[in-house]
Every structure is written in structure tokens, then in C-alpha cells.
Amino acid sequence: MLKEQVERLKRVEEEATEAFVEALSSRQLYEAKVKFLGKQGAFAELMKLMGRLSAEEKPQFGKEVNLSKQRLEGRYQEAELKLKKQEMEERLARESLDLTLPGPEPLGGARHPLSLVINEVVEILAKIGYSVRLGPQIEGDWFNFEALNIPPDHPSRDLQDTFYIDSNHVLRTHTSPVQIHTLLNEKPPLRVLAPGSVFRCDSDVSHSPNFHQIEGMLLDKKVSMADLKGTLAFFIKELFGSSLKVRFRPSFFPFTEPSAEFDCSCPICKGKGCRMCKNSGWVEIGGCGLINPKVLMHAGVDPKQWQGFAFGFGIERMAIIKYGVEDIRLFNENDIRFLRQFE
Ligand SMILES: [Zn+2]
């Protein structure tokens, strides 16, 4: 009986060895291992036949089985090593690496459209002697309002418009306080530009609680509205092209006297009428006027000796006209798809 079983064991071992040697992939090899050495494999079947052997034969047969298993285990590992090496070589041959290919292009940054507009405005007015001044965004009440001839009961001080830090400080509602800082700290004649962030409690398609203005101020002797108009006409022509006209409409601001709003003929349709100018042929740009003598006096400048003009406009408004952006909130969202368009 034992002899027969040992013969059977030999045949199984031979079959298993053959299967291991002939396996073409790690997967096939593993499947062969399961088939012969697995829990329900050929060796497990052989062990079930142990019951037919006598008490003396059992340990002998068990020993034969264990030796056979050990040999197969060794052959399995040998075959596995060989296949893994072969598979790695095949992979290396297949996946070639071209070291001359260029690397991934790094994402380049670009200037924000509002910065582009500020830079352009500053560049244009620098040609006629203007230079930049900056002021704090948290401003004393006196600088933001009082010095600019905006008394405590003025409607623009309304809590609904102004972000108050405390009873004496606000987030500046305009860039005009930079005029006061400059008048107090520097000696005329002066030609200054003050670009920067301003804040008001307001938010919809055309209003943002944080937007940007640029303020221009000139202080000199014998300054008139004609000088102001000439300056703005030069600026508009440089910014949008020579065919555009500038017009003044009478207006009121506490810090200028007389005051005007200035428009330019629509840069999109050149005055013929389009959506941007609501078919009027004109687009509103900003406000301007001769500096109110009261403002000069607040800053310790003698209005009999010095006069000046000031003008200001919204940077977002300018970018909307220049780039045709329809929602002012896009400027603050920093959506890369929006910003990429200005690269
Ligand atoms: Zn138009």
C-alpha cells in the first residue's frame, strides 16, 4: 500500500515541478502553487489517503510528503525569482524614458487686471510730473472726513456706508485722505497720485465692499479748471486713444469747489452708442474739481498763495471699460480662469 502511495506522491511532485518550471508569468506560477500546495490542492488530497495506511506506514509516508513539499517550496521560490527578474527586464525594455523631453512647464503668474490699470495710469501721469503717495487703510475720522470738509452730520458718514473701527477710526472710504497727509507733510508745488484700496458697506454686481480708487492732486500757483481739463484730456487720450473727448458735468463734492464729474466718449463704440455706454456715446469716469480752500486751510496751506485741483476715479470701473468685464465681484474672487485672460 505504501509503495503505491509513494508512487502517487512522486507523480504529483513531478507534475508540480513541471507546472512551476513552465509557468510563463508570476500569476501562472501562483496559480500552480495553489493547485498543488494549496489547502484544497493535490497534496491535501494525498494526505486524505493516509487513513488507508497502517500505523507503521503513516509516519513514513508523512516524512516523504514533507520532504517532497520542501523540495517543491524551493523550486517554487527559484521559479518565482526567475520570473520576477524576467518581468522586470521586460518592463524596463518596454518603458523607455526619454531624458531629452522638456519637463512640465511651471505655472507662470500674471499681473492682476486692477494692478495693470493702476500701473498704466501711474505711467501716463508720471510723464507730466506726478508721483505716487500711499496712505493708511485704517484712517482717523479727521483725515477721512473732517479735513476734507465732510462735517459730522454729512450723509456720506452714514453707518450704512462706512466701516467704523471705533468712534474715531474708519476703514477709509476714499483715497482722498492721502491728499491731507501729503499737504501736511510736503511743501508745494505738488503733483501726486494716490492709488489704493477703499471700503464701503455695499455689495452687488456693480459694487464691492472693497474696491480701488486712484486720486490725483496738483497744488501750484494760479491753477484753474482749464488746467484740470487739460490734464484729464491728456490722460484720457493716452489711456484710450487720441480720438476720444472729455466732458465735464457740474457736480458737488465737499472737498472741491467748483466740482465736476468727468466723462469720456465711449472707448468701445467711439461715441456711436453701445451697451457699455448705454447708447449715450459717453462713459462716466470719475469726479474732479478745484480743491476747496477750506481743505487747504485744514492742512495748513494758504489758499491765497496756493490753489490746486484734484480728480479721482474707480480702478474697477476703468478695468470694466478697458476689458469689458461685467461683474465687479470677479476682480476679488481670484478665479484663475478669469485672471488668465489678462496674461
Ligand atoms: Zn459705447
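This report walks through a predicted model of one protein chain, from its overall layout down to a few single residues.

**The whole chain**

Let's start with the big picture. The chain holds twelve helices and ten strands. Its radius of gyration is 43 Å, well over the 20 Å that the globule rule gives for 343 residues, so the chain is more spread out than a compact globule. Along the principal axes, the C-alpha atoms fill a box of roughly 130 × 50 × 40 Å.

The chain is divided into domain 1, residues 2-94, and domain 2, residues 113-342. The C-alpha centres of these two domains sit 89 Å apart. Of the 343 residues, 29% count as buried. Take the contacts between residues at least 6 apart in sequence: 67% of them join residues at least 24 apart.

**The sheet**

Seven strands come together in an open sheet, and reading across it the order is E1-E5-E6-E10-E9-E8-E7, with mixed pairing. At the edges are E1 (131-132) and E7, each of which pairs on one side only.

Two of the pairings can be followed in detail. E7 (246-253) and E8 (256-265) pair in the antiparallel sense over seven bridges, and a hairpin of two residues joins E7 to E8. Within this pair, Phe248 has Phe262 in E8 as its bridge partner. Further across the sheet, E6 (residues 210-220) and E10 run antiparallel and are joined by eight bridges. Here Leu218 is matched with Phe309 in E10 as its bridge partner.

**Helix H8**

Next comes helix H8, residues 225-240, which has 16 residues. At 1.5 Å a residue H8 should span 22 Å, and its end C-alpha atoms are indeed 22 Å apart, so the two figures agree. Its buried residues are Leu228, Thr231, Leu232, Phe235, Ile236, Leu239 and Phe240. Seen down the axis of H8, these buried residues fall within an arc of 130°, so they line one face of the helix. Some background helps here: an α-helix has 3.6 residues a turn, so residues three or four places apart point the same way.

What covers that buried set? The cover includes helix H5 (113-126) along with strands E7, E8, E9 (282-291) and E10 (307-314). Just after H8, Gly241 takes a positive phi of about 120°.

**Two residues to look at**

Cys264 is found in strand E8. Is Cys264 buried or exposed? Cys264 is buried, because 23 other C-beta atoms lie within 10 Å, and the cut-off for buried is 20 or more. Leaving out residues up to four places away in sequence, Cys264 touches Ile236, Phe240, Leu244, Lys245, Val246, Val283 and Ile285. Ile236 and Phe240 are also among the buried residues of H8.

Gly300 belongs to the loop between helix H9 (293-298) and E10. Gly300 counts as exposed because it has 8 other C-beta atoms within 10 Å, where the cut-off for exposed is 12 or fewer.

Here is how each of these two residues relates to another residue elsewhere in the chain, C-alpha to C-alpha.

| Pair | Separation in sequence | Distance in space |
|---|---|---|
| Cys264 and Glu7 | 257 residues | 107 Å |
| Gly300 and Val178 | 122 residues | 15 Å |

Methods. Residues numbered from 1 in each chain as written. Predicted model: local features only at pLDDT ≥ 70, side-chain atom pairs only at ≥ 80, totals over all residues. Helix = DSSP H or I, 4+ residues; strand = E, 2+ residues; numbered from the N terminus. Expected span 1.5 Å × (residues − 1). Arc of directions from axis to C-beta. Contact = placed C-beta atoms within 7 Å. Domains from an automatic or database assignment. Rg over C-alpha atoms; globule rule 2.2 N^0.38 Å. Pairing = 2+ DSSP bridges.
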